[in-house]
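Hi,

Here is the structure I said I would pass on. Could you open it alongside this email and follow along?

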Amino acid sequence: MEVTEQSTEGPHFVGKKDELIAAKRSCRTVAGRDVLIIHHQNVFYAMDSYCYHAGGELQNGDIEEIAGKLCIICPKHKYKISLAEGEGLYKGTDPRGEPPVPRWYSKGVKQRTHTVTETNGDVYVKLSEDTCWRDSDFYQGEKGKLERERAAEADKKK
């Protein structure tokens, strides 16, 4: 996989604290990247707006605690993504277990997350400086917009 370039400038102003708390979830374009800002249980989180799996919009996903981690559930295909790390989680069963018991497993970090800070009522996002590929990078920018449209068309044909 190719390495993606991330902006090292910032942090970028994304809104007033009170407005973002009231909204609970807000999408912003930060240095050309679509970012979802989430306020949940008195904490701000920021991650790429589109699910790493098929570009689904995460803004309307439910938030649940899974395996001790707060996760957003993609409304498109129900993929589970931890808010803090962007880790993909899935439930599986080890067939060697007697009896086999389902449990949660990690797919690794799939969704790019970003740093949120608040100063004097202003909220800022600093884009991730991690240069290794994250699956959610695929759905960013102009090329990503085309890929999201393709994925939406494919879903309509099912």
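Below is what turned up, going sheet by sheet and then on to a helix and some aromatic rings.

One thing before you start: this is a predicted model.

**The six-stranded sheet**

Start with the open sheet built from six strands, which run in the order β1-β11-β10-β4-β3-β2 with antiparallel pairing. The edges are taken by β1 (12-16) and β2; each has a single partner strand, so one side of each is left without a neighbour in the sheet. From one strand to its neighbour the turn is 30 degrees on average, ignoring direction.

Inside that order, β10 (residues 113-119) and β11 (residues 122-126) run antiparallel and are joined by five bridges. If you want a register mark there, take Thr-115, whose bridge partner in β11 is Lys-126.

Now go to Val-30, which sits in strand β2 (residues 25-30). Is this residue of the edge strand buried or exposed? Val-30 has a relative accessibility of 3%, and buried means under 20%, so Val-30 counts as buried. Leaving aside residues up to four places away in sequence, Val-30 touches His-12, Val-14, Val-35, Val-125 and Leu-127. For a sense of scale, the C-alpha atoms of Val-30 and Val-116 are 12 Å apart, with the two positions 86 residues apart along the chain.

**The five-stranded sheet**

There is also an open sheet of five strands, again antiparallel in its pairing, in the order β5-β6-β7-β8-β9. Here β5 (62-66) and β9 are the edge strands, each pairing on one side only. The twist from one strand to the next averages 40 degrees.

Within this sheet, β7 (residues 80-82) pairs with β8 in the antiparallel sense, over two bridges. Lys-80 has Leu-89 as its bridge partner in β8.

**Helix α2**

Helix α2 covers residues 141-157, 17 residues in total, and spans 25 Å from first C-alpha to last, close to the 24 Å expected at 1.5 Å a residue. Which of its residues are buried? They are Gly-144, Glu-147, Arg-148 and Ala-151. Looking down the axis of α2, these buried residues fall within an arc of 105 degrees, so they line one face of the helix. Part of what covers them is β3 (33-40), a strand of the six-stranded sheet. On the face turned away from the buried side you will find the exposed residues Glu-142, Arg-150, Lys-156 and Lys-157.

**Aromatic pairs**

How many aromatic pairs does the structure hold? The count is four, and I'll describe two of them here.

Tyr-90 and Tyr-105 are stacked, at 5.5 Å centre to centre and 25 degrees between the planes. This pair links distant parts of the chain: Tyr-90 belongs to strand β8 (residues 87-93) and Tyr-105 to strand β9 (residues 102-109), 15 residues apart. With 35% relative accessibility, Tyr-90 counts as partly exposed.

Phe-138 and Tyr-139 also pair, this time edge-to-face, with 5.0 Å centre to centre and 90 degrees between the planes. The two rings belong to residues with unlike surroundings: Phe-138, at 31% relative accessibility, counts as partly exposed, whereas Tyr-139, at 7%, counts as buried.

That's the tour; over to you.

Cheers

Methods:
Residues are numbered from 1 along each chain as its sequence is written. This is a predicted model: local features need pLDDT of at least 70, side-chain atom pairs count only at pLDDT 80 or more; totals for chains, interfaces and linings use all residues. Side-chain values use heavy atoms; hydrogens and water are left out. Helices (H or I, at least four residues) and strands (E, at least two) are DSSP runs, numbered from the N terminus. Buried means under 20% relative accessible area, exposed over 50%, partly exposed in between (1.4 Å probe, protein chains only). Contact means heavy atoms within 4.5 Å. Two strands pair if DSSP finds at least two bridges between them. Axes are lines fitted to C-alpha atoms, for helices over the stretch in contact, and angles run from 0 to 180 degrees between N-to-C directions. The expected span of a helix is 1.5 Å times one less than its number of residues. The arc is that of the directions from the helix axis to the C-beta atoms. Rings of Phe, Tyr and Trp (its six-membered ring) pair if their centres lie within 6.5 Å; planes under 30 degrees apart count as stacked, over 60 as edge-to-face and the rest as tilted.
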